[in-house]
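Here's a quick briefing to read with the structure open beside you. Have a look at the model first, then go through the points below.

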Amino acid sequence: MLSTLRQLGKWLGVLLFPALSTAQVVTPEEAYEAKYFEGKQGWQLPYRILYPKNFDATKQYPLVFMMHGSGERGNDNTLQLTHGANLFLRAGVRDSFPAIVVFPQCAERDYWVAINRVKSAAGMQLDFPFNELAQPSMQLVEGLLAELLNSGYVDKCRVYAMGLSMGGMATFELVARYPDLFAAAIPICGGSNPLLAGLYAQKVPLWVFHGDADNVVDVSNSRTMVAAIEANGGQVKYTEYPGVGHNSWDPAFAEKELLPWLFSQQRKPAGKRYVNPLFDGVSKETYTYAVKGKDTLKLDWYCPIDDTEIARPTILYIHGGGFSGGQRDDAETEAFVRDMASRGYAVASMSYRLTLKGLSFSCDQTAEKKIETFQLAVEDIRSATNYLLDREKELGIDPNKIVLIGSSAGGEALLHALFWKESQLLRTCPKLPKRFRYAGFVNMAGAVVTSAKITSDNAIPALLFHGTCDRLVPFKTASHHYCKKRNPGYLKLQGSFSIAEQYHKLDKTYALYAGCGIGHEWASIPQIIFRQQIADFIYHQVIKGEFRQERIATGLTHDCEQGSGEPVCGE
């Protein structure tokens, strides 16, 4: 149930406005200094910046980013001041709340966030896809934000985001991308992807505004986001104005408590190692861990800069790509492993032999070739593991706390590395040290030939992510790519649900996140939006050894059966 601050009766904004003095000495165009941020590829972001009175670069001030709506796009570096600029110039505001206020301007043919408009029986609906790389103008905002944070005069515990309409959508996206940065946010008549709410719900307090008569961005968008934030245990205030259309920013800016509430929010200093991002810098080194025939196999080694820990839990990451593609250092992977390293982990992201490069991995590829592909990938995982163990002291590794994380093909590779017996591997497969044992694993949309090989002895803590409608790697038990028995590539695999069932039977620690109504994209979604849950699992279940058995339904539908009974989707 939504806990809201809905206004009762008719909106009295017209009567409230005179109570707030808007007297100012200068116009917004005079008060806000015009500047330009130079980004990559020659991109340029116009922006206006308001400094506090008597600004002193040796002191630190709160920072506010104000994101405008679609009507103020362009390159004139003025239009973005249309709504909200006067708010910070009102009498007494600059004295009571000395802050740096930034109004960036989105390019005319760009949009702050990715958005799709979908026709439905209920009318035009907004869909918010979330990509690892932000929209071009938003990327420039990210660059400007980083530049200001490194200036020395910004209080990093008091960084705020505000926005209206398209800018309200941008506000939601900013806190989703940087949940450990923003101290508070105010999205007005916006919307976002509710799947992202778990990223920031418990970290960033929000005050959301919308008019219930909005015919541009339907009020349901804010209601959905408020519900999603509350469902994830977040702090959210919601003010919905009866009878107000799209310009709900006018009454929102007239709220007497708006700025006092905003500037009273302060982010707590960094928290617990391995759970929260603590380190500002992460170093990267590349090593060759093996040469096999024509393949020179490398791994990228990430660790926190200025870390004094000498024996760190270590993540070995295995990328996806159907054993024919994918990279250990693509943008999505790099963002994920750097985030984990910023929490105090050491992370190795490995390459492996792409034995099916240029070949099919579908129903026309023989089952025997698929098995051999798994076997060769296990060899490479063991080689990379031995490389790390041989350099335990040099790299600062805790050999008893090595966690495997794999996506898609990487998930299939790690599952077979963990649960196949020696007799099922090739004779050329390297041996691991006799008493060595992986500490835990995270599987994102991978599957294993049989979960029956999981026993009380080898069932290490397991975090499982899988889409219930995965048509490539089965969520439950089905053939790979749902191939028919007559196909050469018919190979029965058991996905995350079947693995969870075996863990449950053995009374061993696991957590299953079922992506309801989601397909194979669940192979990459977790490392974008479930980073905190992954870090929490490694800390509590792997490092601390706390027992857990849990199945979580999340995704696109509300009636997800989390794997019970017949397949949710597919054959």
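What follows covers the salt bridges and one residue in a strand.

Keep in mind that this is a predicted model. Across the whole structure, a search turns up 19 salt bridges, and three of the pairs are picked out here, along with Phe441 and its surroundings.

**A partly exposed pair**
- Asp180 pairs up with Lys203 in a salt bridge, with 2.9 Å between the closest N and O atoms.
- The two sit 23 residues apart, with Asp180 in the loop between helix 5 and strand 8 and Lys203 in the loop between helix 6 and strand 9.
- Asp180 has a relative accessible area of 28%, so it's partly exposed, and Lys203 counts as partly exposed too, at 25%.

**Buried pairs**
- Asp380 and Lys292 meet in a salt bridge at 2.8 Å, N to O.
- That one links helix 11, home of Asp380, to strand 11, where Lys292 sits, 88 residues away.
- Asp380 and Lys292 are both buried.
- Arg328 and Asp300 form a salt bridge as well, at 3.0 Å from N to O.
- Arg328 is in the loop between strand 13 and helix 10 while Asp300 is in strand 12, so the pair ties together parts 28 residues apart in sequence.
- Both Arg328 and Asp300 are buried.
- Through shared partners, salt bridges join Lys292, Arg353, Glu379 and Asp380 into one network.

**Around Phe441**
- Phe441 lies in strand 16, residues 440-444, and counts as buried because its relative accessibility is 0%.
- Beyond its sequence neighbours, its contacts include Val403, Leu418, Phe419, Pro461 and Tyr503.
- The C-alpha atoms of Phe441 and Val542 are 8.8 Å apart, though 101 residues separate them along the chain.

Terms used
Residues are numbered from 1 along each chain as its sequence is written. This is a predicted model: local features need pLDDT of at least 70, side-chain atom pairs count only at pLDDT 80 or more; totals for chains, interfaces and linings use all residues. Side-chain values use heavy atoms; hydrogens and water are left out. Helices (H or I, at least four residues) and strands (E, at least two) are DSSP runs, numbered from the N terminus. Buried means under 20% relative accessible area, exposed over 50%, partly exposed in between (1.4 Å probe, protein chains only). Contact means heavy atoms within 4.5 Å. A salt bridge is a side-chain nitrogen of Lys or Arg within 4 Å of a carboxyl oxygen of Asp or Glu. Lists of a residue's contacts leave out its neighbours within four places in sequence.
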